[in-house]
Amino acid sequence: MVIITHHRRKCIGCNYCVELAQAYWRMSKRDGKSVLLGAEEKKGVHTLRVGEEALEANEAAAKACPVNIIQVKVV
Ligand code: SF4
């Protein structure tokens with residue numbers, strides 16, 4: 001299983017995660033930050049548990065994120 005976390009408050013809305021992992025991320029029209037689709041929010045941290053097929057694209061997104069607020073962990 002892959003756990004993706006997003007510290008959304010610090011998102012600067014650059015769109016890289018959406019471009020690199022389109023199945024998992026969207027930009028919010030409301031506040032211009034990205035949204036990790038289907039994630040659960042707790043104290044500002046959004047967490048999504050998905051299968052290993054999500055790994056490659058989301059690792060690329062995590063690497064590309066200029067403010068380093070995406071973490072991808074294999075458990
Ligand atoms: S790559 Fe990082 S800063 Fe850019 S939209 Fe995604 S989460 Fe936000």
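Is Glu 52 buried or exposed, and how many other C-beta atoms lie within 10 Å? Select Glu 52 and have a look: this residue is exposed, because 9 other C-beta atoms lie within 10 Å (20 or more would make a residue buried, 12 or fewer exposed, anything in between partly exposed, with C-beta atoms placed from the backbone).

Before you move on, two notes on what is on your screen. Residues are numbered from 1 along each chain as its sequence is written. The model is predicted, with local features needing pLDDT of at least 70 and side-chain atom pairs counting only at pLDDT 80 or more, while totals for chains, interfaces and linings use all residues.

**Stop 1: around Glu 52**

Glu 52 sits in the loop between S5 and H2 (helices are DSSP runs of H or I with at least four residues, strands are runs of E with at least two, both numbered from the N terminus). Now add Met 1 to the selection: the two residues are 51 apart along the chain, yet their C-alpha atoms are separated by 5.6 Å.

**Stop 2: the sheet**

Show the strands next. An open sheet is formed by 4 strands in the order S4-S5-S1-S6, with antiparallel pairing (two strands pair if DSSP finds at least two bridges between them). Strand S4 (40–42) and strand S6 (70–74) are the edge strands, each pairing on one side only. On average, neighbouring strands of this sheet are turned by 25° against each other, direction ignored (axes are lines fitted to C-alpha atoms, for helices over the stretch in contact, and angles run from 0 to 180 degrees between N-to-C directions).

Helix H2 (residues 55–64) packs on the sheet, where H2 touches strand S1 (2–7) and S6 (contact means C-beta atoms, placed from the backbone, within 7 Å). The direction of H2 makes about 145° with that of S6.

Then walk across the sheet, pair by pair:

- S4 and strand S5 (residues 45–50) are joined in the antiparallel sense over 3 bridges; Lys 42 is opposite Val 45 in S5, and Glu 41 is opposite His 46 in S5.
- S1 and S5 have 6 bridges, again antiparallel; His 6 faces His 46 in S5, and Ile 4 has Leu 48 as its bridge partner in S5.
- S1 and S6 pair over 5 bridges in the antiparallel sense, with Ile 4 opposite Val 72 in S6.

**Stop 3: the buried side of H2**

Select Asn 58, Ala 61 and Ala 62, the buried residues of H2. They cover an arc of only 100° around the axis (taken from the directions from the helix axis to the C-beta atoms), which puts them on the same side of H2. Their cover includes S1, helix H1 (16–20), strand S2 (25–27) and S6.

**Stop 4: two positive phi values**

Most residues other than glycine have a negative phi. Lys 43, in the loop between S4 and S5, has a positive phi of about 50° although it is not a glycine. The hairpin there has 2 residues between the strands. Lys 43 counts as exposed, with 4 C-beta neighbours inside 10 Å.

Now jump to Asn 68, in the loop between H2 and S6. Its phi is near 55°, a positive value in a residue other than glycine. Asn 68 is exposed too, with 10 C-beta neighbours inside 10 Å.

**Stop 5: the ligand**

Finish at the ligand, which 14 residues surround (C-beta atom, placed from the backbone, within 6 Å). The closest are Cys 11, Cys 14, Cys 17, Ser 34 and Cys 65. The shell divides into 11 nonpolar, 3 polar and no charged residues (Ala, Val, Leu, Ile, Met, Phe, Trp, Tyr, Cys and Pro count as nonpolar, Asp, Glu, Lys and Arg as charged, the others, Gly among them, as polar).

Terms used: Two residues are in contact if their C-beta atoms, placed from the backbone, lie within 7 Å.
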